[in-house]
Amino acid sequence: MRLVRGIYTVLILGLLFGTFGPHVALGRSSAVALAQASGWHWAVIPAGRFDLASAYSAGDQRAKVLTVYLEGDGLAYATPGQRAMDPTPTDPLALRMALQHPGRGAVAWLARPCQYVSRSRICRSDYWSIARFAPEVVAGTSAALDRMKAATDGATGLILVGYSGGGALAALLAERRDDVVALVTVAANLDLDAWVHDRGLTPLSRSLDPADGAARLAQVRQVHFVGSEDRVVGERVTRSFVARLPPGTPVSILVVPGQGHGADWGKRWPGLAIRPELLGIEGWR
């Protein structure tokens, strides 16, 4: 409760006064319902240039490690080549994963810029297309992590868990912070150059590439989940990133048979989250 009273302002005005469009209002109400059904608190964090939607478990706030799940890219494009008006996911997959996190430790979820919130600030489509991993996005998300961590009663470390583009952002954060004890990614585009090349995509020209800073993660425990049937990212992108890690880096790649890029990760997460590779991470449960 200290976290909620201390730094968050609960977002209800958007639903009451219609500042959200139909898509974001529906996506937000679905996510809020999911969080509240599990006893989580829904709130927003002022973070640099952005306001980031979040949810927080009422678990053990005295835990030494805070686990934060980062949402995926959401609805980046309405159709091929046409940017969406709003990036709010129709299915908050990382939130569904967070709600199934094992144990009773301190666990939180963090949305990406411009998801689930009013677009009254600087939200523009670059931030869910070519600039989705821009320096200011990384800085704002890092500021939100600082506030979340400070609001616990003793967390000194972070475990970052990212789905899809949230995994790429988690890697960028881990490369720039000294308090990340573990990095867990799920279907993440960790090497942007390899991903863009493989899929014939428009280059993310205003984004940082996690693969460029991979050498900074030599001491960070890492587990990277890949779906064997993922046609959006694919195993080669993950292996390209891991190949750039220094020798001896504590890293595991776990290929999940029959898994694509999307919704089934949420269904499978309770079983995957108790894999030995994760249970060996201090503070995971």
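Lys149 is buried, with a relative accessible area of 18%, where buried means under 20% relative accessible area, exposed means over 50%, and partly exposed lies in between, as found with a 1.4 Å probe on protein chains only. The side chain of Lys149 meets that of Asp179 in a salt bridge, at 2.7 Å from N to O; a salt bridge is taken here as a side-chain nitrogen of Lys or Arg within 4 Å of a carboxyl oxygen of Asp or Glu. This pair links distant parts of the chain, with Lys149 in helix 5 and Asp179 in the loop between helix 6 and strand 8, 30 residues apart. Asp179 is buried as well, at a relative accessible area of 8%.

The model is predicted, so that local features need pLDDT of at least 70 and side-chain atom pairs count only at pLDDT 80 or more, whereas totals for chains, interfaces and linings use all residues. Residues are numbered from 1 along each chain as its sequence is written, and side-chain values use heavy atoms, with hydrogens and water left out.

The secondary structure of the protein comes to 10 helices and 10 strands; these elements are DSSP runs numbered from the N terminus, helices being H or I runs of at least four residues and strands E runs of at least two. Of the 285 residues of the protein, 56% count as buried. Among contacts between residues at least 6 apart in sequence, 75% join residues at least 24 apart, a contact being heavy atoms within 4.5 Å.

An open sheet is formed by 8 strands in the order 1-2-6-3-7-8-9-10, and its pairing is mixed; two strands pair if DSSP finds at least two bridges between them. Strand 1 (41–47) and strand 10 (251–256) are the edge strands, each of which pairs on one side only. Neighbouring strands of this sheet are turned by 20 degrees against each other on average, direction ignored.

Within the sheet, strand 3 (residues 65–70) and strand 6 (residues 106–110) pair in the parallel sense over 5 bridges, and the bridge partner of Val68 in strand 6 is Ala108. Strand 7 and strand 8 also pair in the parallel sense, over 6 bridges, with Tyr163 standing opposite Val186 in strand 8. Because 6 of the 7 residues of strand 8 are buried, this strand is largely enclosed by the rest of the structure. Helix 6 (residues 165–176) lies across strand 3, strand 7 (157–163) and strand 8 (180–186), and runs at about 150 degrees to strand 7, where axes are lines fitted to C-alpha atoms, for helices over the stretch in contact, and angles run from 0 to 180 degrees between N-to-C directions.

The pair of Lys149 and Asp179 belongs to a wider set of charged contacts, since a search of the whole structure finds 17 salt bridges. In another of them, the side chains of Arg132 and Asp73 meet at 2.7 Å, N to O. This pair joins the loop between strand 6 and helix 5 (135–150), which holds Arg132, to the loop between strand 3 and strand 4 (77–79), which holds Asp73, the two residues being 59 residues apart. Both Arg132 and Asp73 are buried.

Asp126 forms a salt bridge with Arg83, the closest N and O atoms being 2.6 Å apart. Here too distant parts of the chain are linked, with Asp126 in the loop between strand 6 and helix 5 and Arg83 in strand 5 (residues 82–83), 43 residues apart. Asp126 is buried at a relative accessible area of 17%, while Arg83 counts as partly exposed at 30%. Both residues are part of a network of salt bridges that links Arg49, Arg83, Asp126, Glu136 and Arg206.

Arg132 and Asp73 reappear among the residues that line the largest cavity, together with Pro87, Arg112, Pro113, Gln115, Tyr127 and Trp128. A cavity is a set of points, on a 1 Å grid over the protein atoms alone, where a 1.4 Å probe fits but cannot get out, and lining residues have an atom within 4 Å of a point. The count comes to 1 cavity of 30 Å³ or more, and the volume of the largest is about 60 Å³, volume being the space filled by probe spheres set on the points, which are joined across faces, edges and corners.

Finally, Arg244 is found in the loop between helix 8 (235–242) and strand 10, and at 40% relative accessibility Arg244 counts as partly exposed. Leaving aside its neighbours within four places in sequence, Arg244 is in contact with Asp191, Ala211, Asp212, Ala214 and Ala215. Arg244 and Asp191 are 53 residues apart in sequence and 9.7 Å apart in space, C-alpha to C-alpha.

Definitions and conventions. On a 1 Å grid over the protein atoms alone, a cavity is a set of points where a 1.4 Å probe fits but cannot get out, and a pocket is an open set with protein on both sides within 12 Å along at least five of seven lines; lining residues have an atom within 4 Å of a point.
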